[in-house]
Amino acid sequence: MLVHARGVRGADELPDWRIGCVFTNSKDRGKGVAAAAVAGALDEIRHAGGGVVEAYPEQTEQRPPQRGAYLHTGPEELYTRYGFTRVRKIAKWRWVLREIV
């Protein structure tokens with residue numbers, strides 16, 4: 001539970017669902033594994049009745065390249081592909097993104 005996590009601080013309303021981490025093994029990156037994981041999670045959320053979904057990805061645009069270990073929550077572009085939009089900034093390179101499923 002993310003009660004004291006940065007993603008919850010400053011929230012006007014709590015989400016129904018959260019995707020907190022989509023870390024992919026280094027030898028499997030770039031093969032669509034993280035995208036399949038997010039798509040699967042969203043399908044399961046939809047089947048469970050849907051609601052507000054939050055994610056806490058790293059901003060990668062306009063930023064120096066990072067090692068994959070720093071992207072354990074996924075890159076922002078991964079979530080925007082599925083309709084997520086920025087809600088608020090919670091760190092220099094991290095945002096809360098939301099989507100209604």
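Let's start with Glu54 and Arg98, whose side chains meet in a salt bridge with 2.7 Å from N to O. Glu54 lies in strand β2 and Arg98 in strand β4, so this pair ties together parts that are 44 residues apart in sequence. Keep in mind that what you are looking at is a predicted model.

How much of this pair is open to the outside? Glu54 has a relative accessible area of 1%, so it counts as buried. Arg98 comes out at 14%, which also puts it under the 20% cut-off for buried. There is a third member to add here: salt bridges that share partners join Glu54, Arg88 and Arg98 into one network. Arg88 sits in strand β3, and with 14% relative accessibility it counts as buried too. If you want another landmark for Arg88, try Tyr56: the two are 32 residues apart along the chain, and their C-alpha atoms are separated by 10.0 Å.

Now for the strands that carry these residues. Strand β4 runs over residues 94-100 and is mostly covered, with 5 of its 7 residues buried. On one pairing, β4 meets strand β2 (residues 52-55) in the antiparallel sense over 4 bridges. To find the register, look for Val52, which stands opposite Ile100 in β4. The other pairing to follow is with strand β3, residues 85-91, again antiparallel, this time over 5 bridges. Here Ala91 stands opposite Arg94 in β4, and a hairpin of 2 residues takes the chain from β3 to β4. As you trace the strands, remember that in a regular strand the side chains alternate between the two faces of the sheet.

Staying with β3, move along to Arg86. Which residue does Arg86 form a salt bridge with? The partner is Glu76, and the closest N and O atoms are 2.6 Å apart. This pair links distant parts of the chain, with Arg86 in strand β3 and Glu76 in helix α2 (residues 76-80), 10 residues apart. The two ends have unlike surroundings: Glu76 counts as buried because its relative accessibility is 8%, while Arg86, at 41%, counts as partly exposed. Arg86 has another contact worth a look, since it lies over the face of Trp95, at 3.9 Å from the ring centre.

Next, the aromatic side chains. The count comes to 1 aromatic pair. That pair is Tyr79 and Phe84, set edge-to-face, with 5.3 Å from centre to centre and 75 degrees between the planes. Why does it count as edge-to-face? The angle of 75 degrees is over the 60 that this label needs, so the rings are neither stacked nor tilted. Both Tyr79 and Phe84 are buried.

Back to charges for one last stop. A search of the whole structure finds 6 salt bridges, and one of them is between the side chains of Asp28 and Lys31, at 4.0 Å from N to O. Are these two residues buried or exposed? Lys31 is exposed, with a relative accessible area of 59%, whereas Asp28, at 28%, falls in the partly exposed class. Set that beside the bridge we began with, where both Glu54 and Arg98 are buried.

Key:
Residues numbered from 1 in each chain as written. Predicted model: local features only at pLDDT ≥ 70, side-chain atom pairs only at ≥ 80, totals over all residues. Heavy atoms only, no water. Phe/Tyr/Trp six-rings, centres within 6.5 Å; stacked < 30°, edge-to-face > 60°. Buried < 20%, exposed > 50% of the residue type's maximum accessible area, 1.4 Å probe, protein only. Lys NZ or Arg CZ within 6 Å of the ring centre and 35° of its normal. Pairing = 2+ DSSP bridges.
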